[in-house]
Amino acid sequence: MIFDRNENKEVIVLLGAGSMGTAIIRRFAHGRKILLGDISQKNLDKVCQELTYSGYDVETMIVDATDRDSINEFAKHASSLGKVMYYVHTAGASPSQASPEHILKLDMVGTGYAIDAFGQIMAEGGAGLIISSQTGYMLPIPYEVEQTILNSATDELMNIPFITETATRSGTAYMIAKRVNHLQAMKAAATTWKERRARINTISPGIIVTPLAYDEFNAPGNTYQNMIDQSAVRRTASSDEIAEAAAFLLGEHAGFITGTDLLIDGGVIASIRSGAYNLH
Ligand SMILES: NC(=O)c1ccc[n+]([C@@H]2O[C@H](COP(=O)([O-])OP(=O)(O)OC[C@H]3O[C@@H](n4cnc5c(N)ncnc54)[C@H](O)[C@@H]3O)[C@@H](O)[C@H]2O)c1
């Protein structure tokens, strides 16, 4: 049976078919052609089945977000499906899940590969969204280093001394990677994506209850409980709350918003930055 006889549907691409990404697709992608990429066939099959049974038009592809060639193939396939209007990047690993090196390769360099690849194919008027993290606000990077990061190609990021010398633990690697995501999107908004007249922004979520977050809850120490207790709203959030903001940033009402980050953390960073809560 053909559910939708419309042709030339707008294409929306998600790299990282996990909890937050799927919530964004459910909130925003109905009536569009969806391409899901992930390194896990199991995740792809599960999400594809859920979405298909809810009437979404979905295709999947195995992609390794740490591999430039794999992402380039993904972007090539996406453009063969039609006008790529939306790109959403949620592929990532948290500190309890991976080594510092892997976090830098996936959360930082891999995100750069995706921004580079989709910056070649986005349709005019399109929009991209990178899911960063509140941790991108936790480890200030000196201004000169940020300028170096902004002036470096994606493949050069791993050679920046501040990054290699500071990212010796998974936690600090994650903080750096997520701050670099803000800079990567800002730079793309002003260069490659601008040339295609497409927008790109980041969202920095706080504690969102997903399997990835559960791995952090189960880590030693009380950091997460303290963050919840010290935040203004005193709770975690669900992926649906991020999806709501994502739909706004991807959609036409955000047409004047590009190159920026939206922090959605229940006030954790406000508590830290104002000195009301000492993270360490
Ligand atoms: N959950 C939170 O509290 C939280 C908070 C802030 C930021 N984030 C960030 O949000 C993003 C999404 O997190 P989530 O909670 O939905 O996690 P999730 O684990 O549900 O989703 C991540 C997805 O990325 C995929 N992935 C991992 N490595 C990959 C690779 N090499 N290539 C392709 N895909 C790969 C995984 O298979 C998974 O489907 C991550 O970048 C995470 O760091 C999460």
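**Exercise 1. Locate R234 and judge its backbone.**

R234 is found in the loop between α10 (223–230) and α11 (239–250). Helices (H or I, at least four residues) and strands (E, at least two) are DSSP runs, numbered from the N terminus. This is a predicted model: local features need pLDDT of at least 70, side-chain atom pairs count only at pLDDT 80 or more, and totals for chains, interfaces and linings use all residues. Residues are numbered from 1 along each chain as its sequence is written.

Step 1: take the phi. For R234 the value is near 55 degrees, positive in a residue other than glycine. Most residues other than glycine have a negative phi.

Step 2: take the burial. A residue is buried if 20 or more other C-beta atoms lie within 10 Å of its own, exposed if 12 or fewer, and partly exposed in between; C-beta atoms are placed from the backbone. R234 has 10 C-beta neighbours inside 10 Å, so it counts as exposed.

**Exercise 2. Treat N8 in the way used for R234.**

Step 1: place N8. It sits in the segment before β1 (11–15).

Step 2: read phi. N8 is not a glycine, yet its phi is positive, about 55 degrees.

Step 3: count neighbours. N8 has 8 C-beta neighbours inside 10 Å and therefore counts as exposed.

**Exercise 3. Describe the surroundings of I34.**

Step 1: find the element. I34 lies in strand β2 (residues 33–38).

Step 2: is I34 buried or exposed? It is buried, with 25 other C-beta atoms within 10 Å.

Step 3: list the contacts. Two residues are in contact if their C-beta atoms, placed from the backbone, lie within 7 Å. Leaving out residues up to four places away in sequence, I34 touches I12, I25, A29, L51, Y56, D57 and V58.

Step 4: check a pair. I34 and V11 are 23 residues apart along the chain, and their C-alpha atoms are separated by 5.9 Å.

**Exercise 4. Do the same for G16.**

Step 1: G16 is in the loop between β1 and α1.

Step 2: G16 has 26 C-beta neighbours inside 10 Å, so it counts as buried.

Step 3: beyond residues up to four places away in sequence, G16 touches G21, D38, A65, H89, T90, A91 and G92.

Step 4: the C-alpha atoms of G16 and D215 are separated by 17 Å, with these positions 199 residues apart along the chain counted as their separation.

**Exercise 5. Work out how α4 and α7 pack.**

Step 1: get the geometry. The axes of helix α4 (residues 100–118) and helix α7 (residues 170–190) come within 8 Å and cross at roughly 10 degrees. Axes are lines fitted to C-alpha atoms, for helices over the stretch in contact, and angles run from 0 to 180 degrees between N-to-C directions.

Step 2: name the arrangement. The two helices are therefore roughly parallel. Angles under 35 degrees count as roughly parallel, over 145 as roughly antiparallel, 65 to 115 as roughly perpendicular and the rest as oblique.

Step 3: sample the contact. Residues of α4 including I103, L104 and M108 meet residues of α7 including A173, Y174 and A177.

**Exercise 6. Summarise the whole protein.**

Step 1: count elements. The protein has 12 helices and 7 strands.

Step 2: get the extent. Along its principal axes the C-alpha trace spans about 55 × 40 × 35 Å.

Step 3: get the burial. Of the 280 residues, 47% count as buried.
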